[in-house]
Amino acid sequence: NFTLIGLHACADLTPKIIKLFNECEQAKALVCVGCCYYSMQINEDNIFCEFPMSKIGKQLNISKQIVRGTLRSATQSNYKWYNQSNEDFELSIKSIYYRAILEFALCQIFPDLAQLSLINTT
């Protein structure tokens, strides 16, 4: 018997750990701190492959209502943004903007990266 622990269980690792826990009789407890949900794999229809996991979530078809950007913003700390000076806030916004431009350009140059991207390049 053991406890299954996942700390910083990025992206699809969180649902995989939960599935493993449900399938393994020897696992008696689960401690999982998930993160980076915005990096979960999506299918050709831009729908997350491993989300939602619950029956009710699947019935409500919520995967079509949630996009990567939504999940990314959910990982941001309100406290971080609230306590920033105006100059720091502007710098943060610029760095996010420049990162998005770089990501878009890379996806145009290397189409295989598009499936990992937060940006819909189509």
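Contact here means heavy atoms within 4.5 Å. The tour uses that term at several stops; the model on screen is predicted.

**Whole chain**

Start with the protein chain in cartoon view. Five helices and two strands should appear, and their order along the sequence is β-α-β-α-α-α-α. Colour by accessibility next: of the 122 residues in the protein chain, 24% are buried. A surface representation covers about 9100 Å² of exposed area, with carbon and sulfur atoms supplying 58% of that area. For a contact map, take pairs with a separation of 6 or more; residues 24 or more positions apart account for 49% of those contacts.

**The two strands**

Select 2-10, which is strand 1, together with 27-35, which is strand 2. The two strands run parallel and are joined by eight bridges. To find the register, show L4 and look across to strand 2, where L30 stands opposite. Now add helix 1, residues 13-23. Strand 1, helix 1 and strand 2 together form a β-α-β unit, and the unit is right-handed.

**A11, after strand 1**

Move to A11, in the loop that leads from strand 1 to helix 1. What is the sign of phi at A11? Phi is positive there, near 50 degrees, although the residue is not glycine. Most residues other than glycine have a negative phi. A11 has a relative accessibility of 12%, so A11 counts as buried, the limit being under 20%.

**The loop from strand 2 to helix 2**

Select F48, F51, P52 and M53. The peptide bond between F51 and P52 is cis, with omega about 0 degrees. Most peptide bonds are trans. P52 belongs to the loop between strand 2 and helix 2, the latter being residues 55-59.

Stay here for the aromatic rings. The whole structure holds two aromatic pairs. One of them is F48 with F51, an edge-to-face arrangement with 6.3 Å centre to centre and 90 degrees between the planes. The angle of 90 degrees is over 60, which means that the pair is classed as edge-to-face. Is each ring's residue buried or partly exposed? F48 is buried, with a relative accessible area of 4%, whereas F51 is partly exposed at 25%.

M53 sits in the loop between strand 2 and helix 2. Its relative accessibility is 31%, and M53 therefore counts as partly exposed. Which residues does M53 touch beyond its neighbours within four places in sequence? The contacts are P15, I18, K19 and K58. For a distance check, pick the C-alpha atoms of M53 and S63: they are separated by 10.0 Å, with the two positions 10 residues apart along the chain.

**N61, between helices 2 and 3**

Next select N61, in the loop joining helix 2 to helix 3, where helix 3 is residues 68-74. N61 is another residue other than glycine with a positive phi, here near 60 degrees. With 35% relative accessibility, N61 counts as partly exposed.

**Helix 5**

Finish with residues 86-109, which make up helix 5. How far apart are the end C-alpha atoms of helix 5? They are 35 Å apart; the 24 residues, at 1.5 Å a residue, should span 34 Å, so the two values agree.

Show S92, E103 and C107 as sticks: these residues of helix 5 are buried. An α-helix has 3.6 residues a turn, so residues three or four places apart point the same way.

Zoom in on S92, whose place is in helix 5. S92 is buried, because its relative accessible area is 13% and the limit is under 20%. Leaving out residues up to four places away in sequence, S92 touches W81 and Q84.

For the last stop, return to the aromatic pairs, of which the structure has two. F48 and F51 form the edge-to-face pair already seen. Y97 and Y98 form a tilted pair, with 5.7 Å centre to centre and 55 degrees between the planes. Y98 has a relative accessible area of 52%, and is exposed because the limit for that class is over 50%.

How values were computed: Residues numbered from 1 in each chain as written. Predicted model: local features only at pLDDT ≥ 70, side-chain atom pairs only at ≥ 80, totals over all residues. Heavy atoms only, no water. Helix = DSSP H or I, 4+ residues; strand = E, 2+ residues; numbered from the N terminus. Buried < 20%, exposed > 50% of the residue type's maximum accessible area, 1.4 Å probe, protein only. Phe/Tyr/Trp six-rings, centres within 6.5 Å; stacked < 30°, edge-to-face > 60°. Expected span 1.5 Å × (residues − 1). Areas by Shrake-Rupley, 256 points an atom, 1.4 Å probe, with all protein chains shown as cover. Pairing = 2+ DSSP bridges. Right-handed = clockwise from strand over helix to strand, strands pointing away.
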